Amino acid sequence: MMCSNVQITRTATEPSHTSSPNYLFCEELVEWNFGESGILKADNILHKSKNEEMPTEYPIKTDIEYSIDLLQWDKKKGQWHSFNNADAQLEFVMIDPYYRIPLSQSKAGQPTYRGALRTPDRLGVFHFKVNYTRKGYTSLNVATKVSVRQIHFDEMPRYMPAALPYYASVFITMVAFFVFTIKLMFSKDEDEK
């Protein structure tokens with residue numbers, strides 16, 4: 001009964017019924033119910049490492065930057081504009097979320113939200129997920145699938161400082177084998193005496 005003519009005309013402060021708080025509330029309620037306000041949309045979803053943009057797989061321990069444009073429909077202007085809310089989150093999920101980081105707006109008034117993370121030391125198929133559900137807005141559920149793989153042999157550095165003891169043992173073994181071969185070749189057999 002809140003949206004009845006009696007209630008709207010009773011709470012109006014001016015002769016016009018549009019000044020009534022009940023009228024304004026009922027108008028917003030009807031717009032939201034019929035999908036004319038509070039409509040959100042995701043656009044320009046990008047994830048990239050420093051080498052390439054939008055790959056299907058990342059090596060372990062790689063720094064990734066994720067960006068997404070969050071837009072809200074403006075019925076009066078008839079166009080999409082930037083959605084300004086600071087509580088959007090990005091999840092990097094395998095079965096359970098490995099990371100849950102806040103997305104921050106790159107510039108005030110711009111629709112682009114960004115987040116940065118590092119892939120875990122775990123192989124498998126992961127999802128970038130943005131699941132935004134708030135009262136008064138449509139639900140926004142965006143998921144992008146990527147694989148996390150082992151580092152390929154040609155992506156590793158040629159010589160690693162941690163492997164110096166192994167390198168030294170290889171060279172010592174080679175020198176010892178060479179010395180042993182020389183000694184064996186030039187030694188006299190004692191049975192010939």
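The paragraphs below lead through a predicted model, beginning with its nonpolar core and ending at several single residues.

In soluble globular proteins, nonpolar side chains tend to be buried together. In this model the largest nonpolar core has 23 residues, and those that touch the most other members are Tyr-66, Ile-68, Leu-90, Leu-103 and Phe-128. Several strands contribute to this core, since at least two of its residues come from each of strand S3 (63–74), strand S5 (89–93), strand S8 (112–118), strand S9 (124–132) and strand S10 (140–149). Phe-128 is a useful residue to look at in detail, for its contacts beyond four places in sequence include His-47, Tyr-58, Ile-64, Tyr-66, Leu-90, Phe-92, Leu-117, Val-142 and Val-146.

From the core one can follow S3 to its partner, strand S4 (residues 79–82), which runs antiparallel to S3 and is joined to it by 4 bridges. Within this pairing, Leu-71 has Ser-82 of S4 as its bridge partner. The hairpin that S3 and S4 form has 4 residues between the strands, and in this hairpin Gly-78 takes a positive phi near 70°.

Ser-82, which lies in strand S4, deserves a longer look. Is this residue buried or exposed? Ser-82 has a relative accessible area of 12%, and because the cut-off for buried is under 20%, Ser-82 counts as buried. The side chain of Ser-82 has two polar partners to inspect: the side chain of Asn-84, with which it makes a polar contact of 3.3 Å, and the backbone oxygen of Gly-109, which it reaches at 3.2 Å. When residues up to four places away in sequence are not counted, Ser-82 touches Leu-70, Leu-71, Gly-109, Gln-110 and Pro-111, so that Leu-71 appears both in this list and as the bridge partner of Ser-82.

The next topic is the aromatic rings. A pair of aromatic rings is described by the distance of the centres and the angle of the planes. Across the whole structure, a search finds 8 aromatic pairs. One of them is formed by Phe-83 and Tyr-137, whose centres are 5.2 Å apart and whose planes make an angle of 75°, an arrangement that is edge-to-face. Because Phe-83 lies in the loop between S4 and S5 while Tyr-137 lies in the loop between S9 and S10, this pair ties together parts that are 54 residues apart in sequence. Phe-83 is buried at 3% relative accessibility, whereas Tyr-137, with a relative accessible area of 27%, is partly exposed.

A second pair is made by Phe-92 and Phe-128, and here the rings are tilted, with 5.0 Å from centre to centre and 45° between the planes. Phe-92 belongs to strand S5 and Phe-128 to strand S9, so this pair ties together parts that are 36 residues apart in sequence. Both Phe-92 and Phe-128 are buried. These two residues also belong to a cluster linked by ring pairs, which contains Tyr-66, Phe-92, Tyr-98, Tyr-99, Phe-126 and Phe-128. A ring can also have a charge over it, as with Tyr-132, where the charged end of Arg-134 sits over the ring at 4.7 Å from its centre.

Some residues stand out for their backbone angles. Asn-44, in strand S1 (residues 40–48), has phi near 50°, which is a positive value in a residue other than glycine. Asn-44 is partly exposed, with a relative accessible area of 46%. Lys-61, found in the loop between strand S2 (57–59) and S3, likewise is not glycine and has a positive phi, near 55°.

Two further residues complete the walk. Gly-136 is placed in the loop between S9 and S10 and is partly exposed, at 36% relative accessibility. Beyond its neighbours within four places in sequence, Gly-136 is in contact with Trp-32 and Gly-38, while 29 Å separate its C-alpha atom from that of Ile-95, a residue 41 places away along the chain. Arg-149, by contrast, is in strand S10 and counts as buried at 16% relative accessibility. What joins the side chains of Arg-149 and Glu-57? The link is a polar contact of 3.0 Å, and among the other contacts of Arg-149 beyond four places in sequence are Tyr-58, Pro-59, Ile-60, Leu-123 and Glu-155.

Methods
Residues numbered from 1 in each chain as written. Predicted model: local features only at pLDDT ≥ 70, side-chain atom pairs only at ≥ 80, totals over all residues. Heavy atoms only, no water. Core = buried A, V, L, I, M, F, W, Y, C linked by side-chain atoms within 4.5 Å. Buried < 20%, exposed > 50% of the residue type's maximum accessible area, 1.4 Å probe, protein only. Contact = heavy atoms within 4.5 Å. Pairing = 2+ DSSP bridges. Polar contact = N/O pair within 3.5 Å; in protein donor to acceptor, adjacent residues only side chain to side chain. Phe/Tyr/Trp six-rings, centres within 6.5 Å; stacked < 30°, edge-to-face > 60°. Lys NZ or Arg CZ within 6 Å of the ring centre and 35° of its normal.
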